[in-house]
Amino acid sequence: MDKFGTSFQSVEGPTDGPNLKNARLVGVYFGAQWSQPCQRFTPSLIEFYTKVNEDIQQFEIIYIGMDENEEKYKETVSEMPWLFYDFKEFVKYQVYYEYKKHIQGVPCLLILNPNNGLVITNQGRGTIEKEGQGAFEKWLTQMSFK
């Protein structure tokens, strides 16, 4: 998953994303502080992420914020238990442009095969909302076809 770089942030500070290297699945979460749907979905995603990784870290998320204001961006990521980039980090734009065709608006949770970066689904949000914790196993099954 070199396409995402090796320099991330987390609530603990700078990191090289060690959990990303061992993840069974990777989510790329496109969101923004100004989006009401993001404000509603993020707490559910935090709960999902926490439960899936309860026994062993197997799912990592990288947040790609669409905020234009650095202060709002920092406020948003301060609650997130996963990886994100510095506000002005260029690689987040590269990631956005690579996966742009799969994004239909925010919030958007792309689920990727960590071995090759292929999109398993661009319906991560909907799958979590419909299937809860069962979404993770569904994505693992779908990954075998990607």
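In this predicted model, residues 24 or more positions apart account for 62% of the contacts in the chain with a separation of 6 or more. A good place to begin, then, is the order of the elements along the sequence. The chain holds six helices and seven strands, and reading from start to end gives the pattern β-β-α-β-α-β-α-β-α-β-β-α-α. The radius of gyration is 14 Å, close to the 15 Å that the globule rule gives for 146 residues, so the chain is as compact as a globular protein of that length. Along the principal axes, the C-alpha trace spans about 40 × 35 × 30 Å.

Next comes the balance of inside and outside. Of the 146 residues in the chain, 48% are buried. The area that the chain exposes comes to about 7800 Å², with carbon and sulfur atoms supplying 47% of it.

The surface can also be searched for hollows. Rolling a probe the size of a water molecule over the atoms shows where empty space is left. In this model, the largest pocket contains about 160 Å³ of space. Its lining is made up of 13 residues, and those closest to the pocket centre are Gln33, Gln39, Thr42, Thr76 and Glu79. Three elements each give two or more residues to this lining: strand S3 (25–31), helix H2 (36–52) and helix H3 (70–77). Helix H2 provides the largest share, with four residues. Sorted by class, the lining of the largest pocket has six nonpolar, five polar and two charged residues.

Definitions and conventions. Residues are numbered from 1 along each chain as its sequence is written. This is a predicted model: local features need pLDDT of at least 70, side-chain atom pairs count only at pLDDT 80 or more; totals for chains, interfaces and linings use all residues. Side-chain values use heavy atoms; hydrogens and water are left out. On a 1 Å grid over the protein atoms alone, a cavity is a set of points where a 1.4 Å probe fits but cannot get out, and a pocket is an open set with protein on both sides within 12 Å along at least five of seven lines; lining residues have an atom within 4 Å of a point. Grid points are joined across faces, edges and corners, and a volume is the space filled by probe spheres set on the points. Ala, Val, Leu, Ile, Met, Phe, Trp, Tyr, Cys and Pro count as nonpolar, Asp, Glu, Lys and Arg as charged, and the others, Gly among them, as polar. The radius of gyration is taken over C-alpha atoms; the globule rule is 2.2 Å times the number of residues to the power 0.38. Buried means under 20% relative accessible area, exposed over 50%, partly exposed in between (1.4 Å probe, protein chains only). Contact means heavy atoms within 4.5 Å. Accessible areas come from the Shrake-Rupley method with a 1.4 Å probe; for residues, only the protein chains shown count as cover.
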